[in-house]
Amino acid sequence: MNVQSFSFFFAILALGCWLGTLAIIVGALVRRFGNPDAFADLREQVGGVALPLAWAIALVTTVGSLYYSKVQGYVPCELCWYQRICLYPWSVILGIAAWRRDAAIKVYAIPVLCVSVLISAYHSWIQWFPPPSGTSFCTAAVPCTLKYVNEFRFVTLPFMALSAAVFMIALLFVSQPSDVEFDIAEEVEVSA
């Protein structure tokens with residue numbers, strides 16, 4: 001597969017993230033201001049898979065980012081690095097939380113993902129509407145306004161990061177704690 005195919009695939013995933021986020025918001029609004037019992041079964045099903053899905057999004061985001069920088073040779077700008085700092089750890093941490101069925105991870109993940117949203121939104125903004133004098137983050141060697149990817153004339157790499165972070169936040173809000181108790185000490189005793 002060539003870079004155009006990967007970019008198209010990741011752009012479709014980014015748009016899918018927005019559709020998923022919109023569906024969660026609409027469902028929450030209907031339950032809040034309409035029928036509180038609406039979508040109860042669907043809410044429970046989505047809540048049960050929210051953590052593994054958020055982990056998968058974090059993993060795909062990390063792999064996609066590494067593909068662009070390590071395989072394609074796209075040099076990340078300073079804002080890209082900040083976005084990576086906010087997103088990369090969740091490909092491991094959410095995996096552990098999904099395995100443990102620990103929905104309490106949202107307390108730690110959502111604030112960091114909100115920082116990622118702010119950085120990605122700002123980065124997307126300056127790519128769509130480049131300031132004439134540049135920004136304090138941009139350098140001549142790696143400008144923040146450079147669009148390595150521009151699918152559908154608006155889906156750029158920062159927009160993809162924004163999409164992933166927003167959907168992961170939405171999923172974490174609806175994630176359900178597990179009824180299964182996990183105790184690492186019991187696991188070690190059982191295997192010993």
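**Close-up views of a predicted model**

**View 1. Helix α5 and its packing partners.** Helix α5 covers residues 106–128, and because a helix is expected to span 1.5 Å times one less than its number of residues, its 23 residues should extend over 33 Å, which agrees with the 31 Å between its end C-alpha atoms. Helices here are DSSP runs of H or I with at least four residues, numbered from the N terminus. The model is predicted, so local features need pLDDT of at least 70 and side-chain atom pairs count only at pLDDT 80 or more, whereas totals for chains, interfaces and linings use all residues. Residues are numbered from 1 along each chain as its sequence is written, and side-chain values use heavy atoms, with hydrogens and water left out. Among the buried residues of α5 (under 20% relative accessible area, with a 1.4 Å probe and protein chains only) are Ala109, Ile110, Leu113, Val117 and Ile126. The buried residues of this helix pack against α3 (78–87), α4 (90–100) and α6 (157–174).

**View 2. Leu113 and the largest nonpolar core.** A nonpolar core is a set of buried Ala, Val, Leu, Ile, Met, Phe, Trp, Tyr and Cys residues joined through side-chain atoms within 4.5 Å. The largest one holds 41 residues, and Leu94, Leu113 and Met168 have the most contacts inside it. Two or more residues come from each of α1 (3–33), α2 (40–71), α4, α5 and α6, with α6 giving the most, 14 residues. Leaving aside residues up to four places away in sequence, Leu113 touches Cys86, Leu87, Trp90, Ala165, Met168, Ile169 and Leu172, a contact being heavy atoms within 4.5 Å. Apart from this core lies another, of eight residues, including Cys77, Cys80, Ile126 and Val142.

**View 3. Cysteines without disulfides.** With a disulfide taken as a pair of cysteine sulfur atoms within 2.5 Å, the count comes to zero. The sulfur of Cys80 lies 3.5 Å from that of Cys77, its closest cysteine sulfur, which is too far for a bond. Cys114 is likewise in no disulfide, the nearest cysteine sulfur, in Cys86, being 10 Å away. Cys80 is buried, at 19% relative accessible area, whereas Cys114, at 35% relative accessibility, counts as partly exposed (from 20% to 50%).

**View 4. Lining of the largest pocket.** The closest residues to the centre of the largest pocket are Thr61, Ser65, Leu157, Met160 and Ala161, out of 27 that line it. A pocket is an open set of points on a 1 Å grid over the protein atoms alone, where a 1.4 Å probe fits, with protein on both sides within 12 Å along at least five of seven lines, and lining residues have an atom within 4 Å of a point. Helix α2 gives the most to this lining, with eight residues.
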